[in-house]
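Grab a pencil and open your viewer. Here are some short exercises to work through, each with a solution you can check step by step.

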Amino acid sequence: MRQLLHKYAELDLDAVFEKFYDTMLSDKAFSGFFKDEEQIKSLVVRQKQFLLDSITESEDEVKARYIKLGELHYGLKIAYVD
């Protein structure tokens with residue numbers, strides 16, 4: 001079942017991330033957190049992998065990863081919109 005979910009997640013993932021970043025970057029408050037297009041591309045690659053990896057992890061593992069990610073954002077004073 002998880003493999004099937006993984007395949008579905010890959011189908012339109014590029015469009016989902018493109019729409020998310022288009023929306024976020026149109027807001028000046030959020031767009032100021034990114035230095036250039038390369039940083040955004042790198043972030044998208046990591047976020048896609050994070051999402052795909054979460055499909056095969058247990059709920060507790062996903063919660064722990066999101067807590068760590070939230071703490072990282074808090075420490076860097078970067079908005080965490082997930």
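**Exercise 1. Get your bearings: what share of the 82 residues in the protein chain is buried?**

Keep in mind that you're looking at a predicted model.
- Step 1: Buried residues come to 18% of the 82 residues in the protein chain.
- Step 2: For the fold, count the elements: the protein chain has 5 helices and 0 strands. Walking along the sequence, you read α-α-α-α-α.
- Step 3: Now the outside. The protein chain has an accessible surface of about 6600 Å², and carbon and sulfur atoms contribute 58% of that surface.
- Step 4: Take the contacts in the protein chain with a separation of 6 or more: 49% of them join residues 24 or more positions apart.

**Exercise 2. Find the largest nonpolar core and say which helices each supply at least two of its residues.**

- Step 1: List the members. The largest nonpolar core has 9 residues: Leu13, Phe17, Tyr21, Met24, Phe34, Ile40, Val44, Leu52 and Ile55.
- Step 2: Assign them to helices. At least two residues of this core come from α2 (13-25), and at least two come from α4.
- Step 3: Zoom in on one member. Ignoring neighbours within four places in sequence, Val44 is in contact with Phe17 and Tyr21.

**Exercise 3. Locate Leu51 and work out what it touches beyond its sequence neighbours.**

- Step 1: Leu51 sits in helix α4.
- Step 2: Check how open it is. Leu51 has a relative accessible area of 31%, so it counts as partly exposed. The cut-off for buried is under 20%.
- Step 3: Look for partners. Not counting residues up to four places away in sequence, Leu51 touches Leu13 and Phe17. Leu13 and Phe17 both appear in the list of the largest nonpolar core.
- Step 4: Try a distance too. Leu51 and Val62 lie 11 residues apart in sequence, and their C-alpha atoms are 9.5 Å apart in space.

**Exercise 4. Track down salt bridges: how many does the rule count?**

The count is 4 salt bridges. As a reminder, side chains of opposite charge can pair when their charged atoms come close. The cut-off is within 4 Å, side-chain nitrogen to carboxyl oxygen. Let's take three examples.

- Step 1: Lys41 and Glu38 form a salt bridge, at 3.8 Å from N to O. Both are in helix α4 (residues 37-56), and because they are 3 residues apart there, about one helical turn separates them. Lys41 is partly exposed at 45% relative accessible area, while Glu38 is exposed at 54%.
- Step 2: Glu59 and Lys63 make a salt bridge too, with their closest N and O atoms 3.2 Å apart. They are 4 residues apart in helix α5 (residues 59-76), so about one helical turn lies between them. Glu59 is exposed at 56% relative accessibility, and Lys63 is partly exposed at 46%.
- Step 3: Arg65 pairs with Glu57 in a salt bridge, the closest N and O atoms being 3.0 Å apart. Arg65 is partly exposed, with a relative accessible area of 24%. Glu57 has 18% relative accessibility, so it counts as buried.

**Exercise 5. Test the length of α5: what should its 18 residues span at 1.5 Å a residue?**

- Step 1: Use 1.5 Å times one less than the number of residues. For the 18 residues of α5, that gives an expected span of 26 Å.
- Step 2: Compare with the model. The end C-alpha atoms of α5 are 26 Å apart, which agrees.
- Step 3: See what comes next. Lys77 follows α5, and its phi is positive, near 55 degrees.

**Exercise 6. Spot a nonpolar patch on the surface and name the residues that make it.**

- Step 1: Select Phe33, Leu72, Leu76 and Ile78, which together make a nonpolar surface patch of about 350 Å².
- Step 2: Place one of them. Leu72 is found in helix α5.
- Step 3: Check its exposure. Leu72 has a relative accessible area of 48%, so it counts as partly exposed.

Conventions: Residues numbered from 1 in each chain as written. Predicted model: local features only at pLDDT ≥ 70, side-chain atom pairs only at ≥ 80, totals over all residues. Heavy atoms only, no water. Buried < 20%, exposed > 50% of the residue type's maximum accessible area, 1.4 Å probe, protein only. Contact = heavy atoms within 4.5 Å. Areas by Shrake-Rupley, 256 points an atom, 1.4 Å probe, with all protein chains shown as cover. Core = buried A, V, L, I, M, F, W, Y, C linked by side-chain atoms within 4.5 Å. Patch = residues over 30% accessible without salt bridge, like charges linked within 9 Å, V, L, I, M, F, W, Y side chains within 5 Å.
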